[in-house]
2 protein chains.
Amino acid sequence: MKLSLRGEYALRALLVLGLNYKQSVLRIQTISQHQNIPKRFLEQILNDLKSAGVVESKRGVAGGYRLARPPADISLASVIRHIEGALAPVSCVSECFYEKCSCPDEARCAIRSVMKQARDAVVAIVEKLTVADLCERARELQELHANPVDFVI
Amino acid sequence: MKLSLRGEYALRALLVLGLNYKQSVLRIQTISQHQNIPKRFLEQILNDLKSAGVVESKRGVAGGYRLARPPADISLASVIRHIEGALAPVSCVSECFYEKCSCPDEARCAIRSVMKQARDAVVAIVEKLTVADLCERARELQELHANPVDFVI
DNA sequence: TTAAATCTACACTGAGTCAATAGACATTTT
DNA sequence: AAAATGTCTATTGACTCAGTGTAGATTTAA
């Protein structure tokens, strides 16, 4: 898995929307400023996430975006797959985006077997984590920084 | 981590060279035919691996390539890093190719923390595995296919 | 010493992707 | 009606990828 800026921005935007869940919509500009993302680019990305059913929008003067589903129902894997495509390092080990590769015998390919291992490790992580986990982790990191515990005796 | 064709070809070539270790050099064409890799492209890749000290070459009519070091001393991580660059999904969690990202606070970035987890998982796999392991695995897969065990009673 | 087979080096290209940017338009509230 | 927002489509410039082209350099064998 390799994240492009597009994918990174998508996750950052979802994190902000997750922290704002159950409240009113957030304007693109607000997210853009808060997360340091080019506004017009973020427009495209949020639109894309809308077509995936991850977020929903309200138009007009008091418009903006909010999550379309509870944060705990949005897995990072589903988001990344929608924005970036395959999670696997090579497409011949991808479950959702499989493509045949040019090696002489896929079934006996040692490299494929290694790559499958790598894929499974990554998928295990991002399939389990949701936007809710992301929010929780963000709050923890915030706490940690606000009240830094001194471990030196 | 995402492998381009270049990286995949490099690993496939190293596997063949590993299986041929301690014997004479292998011609590009031999590897190219065996692994179904465009010959001219493979030339570039092997040259690149030579500059990394992974393989060495012999010129002239009976020339070709062989591994420059024992297969067990060549980790997949080092090869992939040389051909592809960072193993991490985003460069702000890369150890060898770190780059600052645009997020407001890297130390408190929840996404970064997730990405670091994914990076560590992948690195643990490819850092441990070597070309020797790849060869062993290839031989196992060969055996398995030659004498398929029937588990149905 | 010549010919053939190989590696070496560098440049080039066509297709595609990435990260935006542009501009026109639709919708909603005040 | 005006202003603030989201929607949609197209375009751009830089870059990467995967491969080709061409011209050599080196070595061995005849």
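**Entry 1. Chain B against chain A**

I began with the two protein chains and found that 40 residues of chain B are in contact with 40 residues of chain A, contact meaning heavy atoms within 4.5 Å. I noted that this is a predicted model, in which local features need pLDDT of at least 70, side-chain atom pairs count only at pLDDT 80 or more, and totals for chains, interfaces and linings use all residues. Residues are numbered from 1 along each chain as its sequence is written, chains are lettered from A and ligands numbered from 1 in the order in which they are written, and side-chain values use heavy atoms, with hydrogens and water left out.

I looked up the area next. The size of an interface is often given as the accessible area lost when the parts come together. Between chain B and chain A about 3,700 Å² is buried, and carbon and sulfur atoms give 67% of that. Buried area here is the accessible area (1.4 Å probe) that two parts lose on being put together, summed over both.

How many salt bridges does the rule find across the interface of chain B and chain A? I got zero; a salt bridge is a side-chain nitrogen of Lys or Arg within 4 Å of a carboxyl oxygen of Asp or Glu. For polar contact the rule finds eleven residue pairs across this interface, both residues at pLDDT 80 or more. A polar contact is a pair of N or O atoms within 3.5 Å; within protein, one must be able to donate a hydrogen and the other to accept it, and residues adjacent in sequence count only if both atoms are side-chain atoms.

On the side of chain B that touches chain A, the elements giving two or more residues are α1, α2 (28–35), α4 (76–84), α5 (110–128) and α6 (131–146) of chain B. Helices (H or I, at least four residues) and strands (E, at least two) are DSSP runs, numbered from the N terminus. I recorded α5(B) as giving the most to this side, with ten residues. By class, this side of chain B has 27 nonpolar, eight polar and five charged residues. Ala, Val, Leu, Ile, Met, Phe, Trp, Tyr, Cys and Pro count as nonpolar, Asp, Glu, Lys and Arg as charged, and the others, Gly among them, as polar.

**Entry 2. The two domains of chain A**

I then turned to chain A alone, which is divided into domain 1 (1–70) and domain 2 (75–129); the bounds come from an automatic or database domain assignment. Taken over C-alpha atoms, the centres of these two domains of chain A are 27 Å apart. Domain 1 of chain A puts 13 residues into the contact and domain 2 of chain A puts in ten.

The two domains of chain A bury about 940 Å² between them, with 73% of it on carbon and sulfur atoms. In domain 1, I listed A:M1, A:L11 and A:D48 as losing the most area to domain 2, together 50% of what that side buries. I counted zero salt bridges between the two domains of chain A and three residue pairs in polar contact, both residues at pLDDT 80 or more. Two or more residues of the domain 1 side come from each of α1 (5–19) and α3 (39–51) of chain A, and α1(A) gives the most, five residues.

**Entry 3. DNA strand D**

Which residues come nearest to DNA strand D? Of the 27 residues around DNA strand D, I noted A:R27, A:S57, A:Y65, B:R40 and B:Q44; a residue is near a strand if one of its heavy atoms lies within 4 Å of it. Sugar and phosphate make up 64% of the atoms of DNA strand D that come within 4 Å of the protein.

I looked up two of these residues singly. A polar side-chain atom of A:R27 is 2.3 Å from a phosphate oxygen of DNA strand D, and one of A:S57 is 2.6 Å from a phosphate oxygen of that strand. The largest share of the surface near DNA strand D comes from α3(A), with five residues.

**Entry 4. DNA strand C**

Around DNA strand C I found 26 residues, of which A:R40, A:Q44, B:R27, B:K50 and B:Y65 come nearest. Sugar and phosphate account for 65% of the atoms of DNA strand C within 4 Å of the protein.

A polar backbone atom of A:L5 lies 3.1 Å from a phosphate oxygen of DNA strand C. I also found contacts to bases: a polar side-chain atom of A:R59 is 3.3 Å from a base nitrogen of DNA strand C, and a backbone N or O atom of A:V61 is 3.5 Å from a base oxygen. Here α3(B) supplies the largest share of the surface near DNA strand C, five residues.
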